[in-house]
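Please open the model in your viewer and keep the sequence panel beside it, since the tour below moves from one selection to the next.

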Amino acid sequence: ILLLNSGMSLEEISRKRKEQLLALRSKLKKVDDEQQQQEEGRHGGVPKPRFRSYQPRSDALKGQSLPAAQPASIADKVSADVAAAQQQRQESQGAIVDLGDLAPRKPDWDLKRAIAPRLRKLQKRTDRAIAEIVRQRLLRETNDIKSQIDVGQMDQQNS
């Protein structure tokens, strides 16, 4: 946007951009070439084979085989885990056990779970119906009270 405002034509802007991109590409290529040369210098060109599980027959290659791997000793880790488990068991023996966790589920628990959404809908409908019945009853009672008041006023006027 700044270049457009500076009065340069689109061709000049695109030419400058291409030059910048070419400069960046050449710079990246030089960096990659230098890294490759450094890696080749470290490895001496072609990497040497390492024999982990293969035992070569040639005497020249036997020196390049790796020694057999020795498994690490896990006795310390196992003994620490066993001690932690025993300590946890001793602590849990003193704790109160919730019988709900030990008791098996009732045989119809899956049926109750499947029906629960339907029961919620039904409960909502029931609550609405009860509220409507209560409203109707209140309206009737207020109408009855109004009619009694009106009758009482008529009696007072007639007397």
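What follows is a series of selections, beginning with the whole chain and then moving to individual helices and side chains.

**The whole chain**

Begin with the protein chain in a cartoon view, bearing in mind that this is a predicted model. The chain contains six helices and zero strands, so that, given how helices and strands are assigned, the order of elements from the N terminus reads α-α-α-α-α-α. Switch to a surface view next: the accessible surface comes to about 15700 Å², and 56% of that area belongs to carbon and sulfur atoms. Of the 159 residues, 3% count as buried, where buried stands for a relative accessible area under 20%.

**Colour by confidence**

Now colour the chain by pLDDT, for which the average is 82, with 86% of the residues scoring at least 70. Which element has the lowest mean pLDDT, and which the highest? Helix α1, residues 2–5, has the lowest at 52, while α6 has the highest at 88. Where pLDDT is low, the predicted coordinates should not be read in detail.

**Helix α2: a salt bridge**

By the distance rule applied here, the count comes to three salt bridges, and the tour visits them in sequence order. Select R15 and E19, which both lie in helix α2 (residues 10–43) and stand four residues apart, about one turn of the helix. Their salt bridge has its closest N and O atoms 3.1 Å apart. R15 counts as partly exposed at 44% relative accessibility, and E19 likewise counts as partly exposed at 44%.

**Helix α4: a salt bridge**

Move on to helix α4, which spans residues 75–94, and select K77 and D81. The side chains of these residues meet in a salt bridge, with an N to O distance of 3.6 Å. About one helical turn separates D81 from K77, because they are four residues apart in the helix. Is K77 buried or exposed? At 56% relative accessibility K77 counts as exposed, whereas D81, with a relative accessible area of 43%, is partly exposed.

**Helix α6: a salt bridge and two patches**

Finally, select helix α6, residues 109–158, and show its side chains. Start with E132 and R135, whose side chains meet in a salt bridge at 3.1 Å, N to O. These two residues are three apart in helix α6 and therefore separated by about one helical turn. E132 is partly exposed, with a relative accessible area of 38%, and R135 is also partly exposed, at 49%.

Next, select R118, R120, K121, K124, R125 and R128, which gather in a patch of positive charge on the surface. R128 lies in helix α6 and is exposed, with a relative accessible area of 58%. Because patch members must have over 30% relative accessible area, R128 at 58% satisfies that part of the rule.

For the last stop, which residues make the nonpolar surface patch? L111, I115, L119 and L122 make this patch, which covers about 380 Å². I115 has its place in helix α6 and counts as partly exposed at 40% relative accessibility; this value also passes the over 30% cut-off, and so I115 can be counted in a patch as far as accessibility is concerned.

Definitions and conventions
Residues numbered from 1 in each chain as written. Predicted model: local features only at pLDDT ≥ 70, side-chain atom pairs only at ≥ 80, totals over all residues. Heavy atoms only, no water. Buried < 20%, exposed > 50% of the residue type's maximum accessible area, 1.4 Å probe, protein only. Areas by Shrake-Rupley, 256 points an atom, 1.4 Å probe, with all protein chains shown as cover. Patch = residues over 30% accessible without salt bridge, like charges linked within 9 Å, V, L, I, M, F, W, Y side chains within 5 Å. Salt bridge = Lys/Arg side-chain N within 4 Å of Asp/Glu carboxyl O. Lys, Arg positive; Asp, Glu negative; His and termini not counted. Charge placed at Lys NZ, Arg CZ, Asp CG, Glu CD. pLDDT = per-residue confidence, 0-100.
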